[in-house]
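Work through the exercises below with the sequence and the structure open. Each task is followed by a solution in steps.

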Amino acid sequence: MATTTWQVSGQYYETCNCDFVCPCVPAQMAVVPTKGSCIFAMAFQIERGRYGAVTLDGLGFIVLGLTPEAMGKGNWSVGLVADARASAEQRDAITAIASGAAGGPMAALSGLIGTFLGVASAPIAFNRSGVEWSVKAASLVDMTARPAMGINPSATEPLHLENTGHPAADRFALAHASDSHVHALGLDWDDTTGTNNGQYAPFAWKSA
């Protein structure tokens, strides 16, 4: 069976309920998250994309998940919020890409997922204003973050982690989550402390 050729690129934004800085990537997913378990929201704004003959330009999706202990131990519960503007074909394409079923970076996580929570639909709005960014998907997801800056008061770039191996991006900027709200697919999380972890980066994925 021939595999579908695809590629997507754009901007990636994430917050999780770990304290800043999330220990999971530097510790190679072998440590317990700072709250014991981890809830995360990984949002992707597709600027350019195509799945076979299906164009995905301008759409978005959010991967939501719960890891009950150290990430490397698996048993994750993961679901997807797909852009309400997507057609049935586009939604199927986004689901295949985001789940890893179509190959690509997310396929590396498939062995860690124990429960698929399903796919929800909502209009997804991305906003970059000055140094802050936000992602909102109706009442399902609402998160805002500000970049984490170093000690140089003249710096215009945030702190970065490199060579991360993260499926979204190998290099990403660090951020402080101003607030995070997830109420979708059986996941419920509200945080307004301003102390939780955030990260963001350009992303570019493609089929093998």
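**Exercise 1: Serine 134 and its contacts**

Task: List what serine 134 touches, not counting residues up to four places away in sequence.

Solution. Step 1: with contact taken as heavy atoms within 4.5 Å, serine 134 touches Ala125, Phe126, Asn127, Met143 and Thr144, residues up to four places away in sequence not being counted. Step 2: place the residue; serine 134 is found in strand β8, residues 132-137. Strands (E, at least two residues) and helices (H or I, at least four) are DSSP runs, numbered from the N terminus. Step 3: take a distance; 51 residues along the chain separate serine 134 from leucine 185, and their C-alpha atoms are 21 Å apart.

The model is predicted, and local features need pLDDT of at least 70, side-chain atom pairs count only at pLDDT 80 or more, while totals for chains, interfaces and linings use all residues. Residues are numbered from 1 along each chain as its sequence is written, and side-chain values use heavy atoms, with hydrogens and water left out.

**Exercise 2: Serine 178**

Task: Decide whether serine 178 is buried or exposed, and list what serine 178 touches.

Solution. Step 1: serine 178 lies in strand β11, residues 172-184. Step 2: apply the cut-offs, which are buried under 20% relative accessible area, exposed over 50% and partly exposed in between, with a 1.4 Å probe and protein chains only. Serine 178 is buried because its relative accessible area is 19%. Step 3: leaving out residues up to four places away in sequence, serine 178 touches Glu132, Thr144, Ala145, Arg146, Asp191, Thr192 and Gly194.

**Exercise 3: Helix α1**

Task: Compare the reach of helix α1 with the expected value, and find what its buried residues pack against.

Solution. Step 1: α1 covers residues 88-99, 12 residues in all. Step 2: the expected span is 1.5 Å times one less than the number of residues. From first C-alpha to last, α1 reaches 16 Å, close to the 16 Å expected. Step 3: the buried residues of α1 are Gln90, Ala93, Ile94, Ala96, Ile97 and Ala98. They pack against β1 (6-19), β2 (38-51), β3 (54-55), β4 (60-67), β5 (76-83) and β13 (196-206). Step 4: after α1 comes glycine 100, with a positive phi near 90 degrees.

**Exercise 4: Strand β1 and its partners**

Task: Find the bridge partners of serine 9 in β2 and in β13.

Solution. Step 1: two strands pair if DSSP finds at least two bridges between them. β1 and β2 pair antiparallel over 11 bridges, and β1 is joined to β13, also antiparallel, by 10 bridges. Step 2: in β2, arginine 48 stands opposite serine 9; in β13, the partner is alanine 204. Step 3: 11 of the 14 residues of β1 are buried, so β1 is largely enclosed by the rest of the structure.

**Exercise 5: The nonpolar cores**

Task: Name the residues of the largest nonpolar core that touch the most other members.

Solution. Step 1: a nonpolar core is a set of buried Ala, Val, Leu, Ile, Met, Phe, Trp, Tyr and Cys residues joined through side-chain atoms within 4.5 Å. Step 2: the largest such core has 39 residues, and Phe44, Leu56, Phe61, Val63 and Trp205 touch the most other members. Step 3: β1, β2, β4, β5, α1, β11 and β13 each supply at least two residues of this core, and β2 gives the most, six residues. Step 4: another core lies apart from this one, with 25 residues, including Ala120, Ile124, Ala137 and Ala184.

**Exercise 6: Backbone exceptions**

Task: Find where the cis peptide bond lies, and give phi for alanine 138 and asparagine 163.

Solution. Step 1: most residues other than glycine have a negative phi, and most peptide bonds are trans. Step 2: the cis bond joins phenylalanine 20 and valine 21, with omega about -5 degrees; valine 21 lies in the loop between β1 and β2. Step 3: alanine 138 has a positive phi of about 50 degrees and is partly exposed, at 37% relative accessible area. Step 4: asparagine 163 has a positive phi near 55 degrees and is exposed, at 67%.
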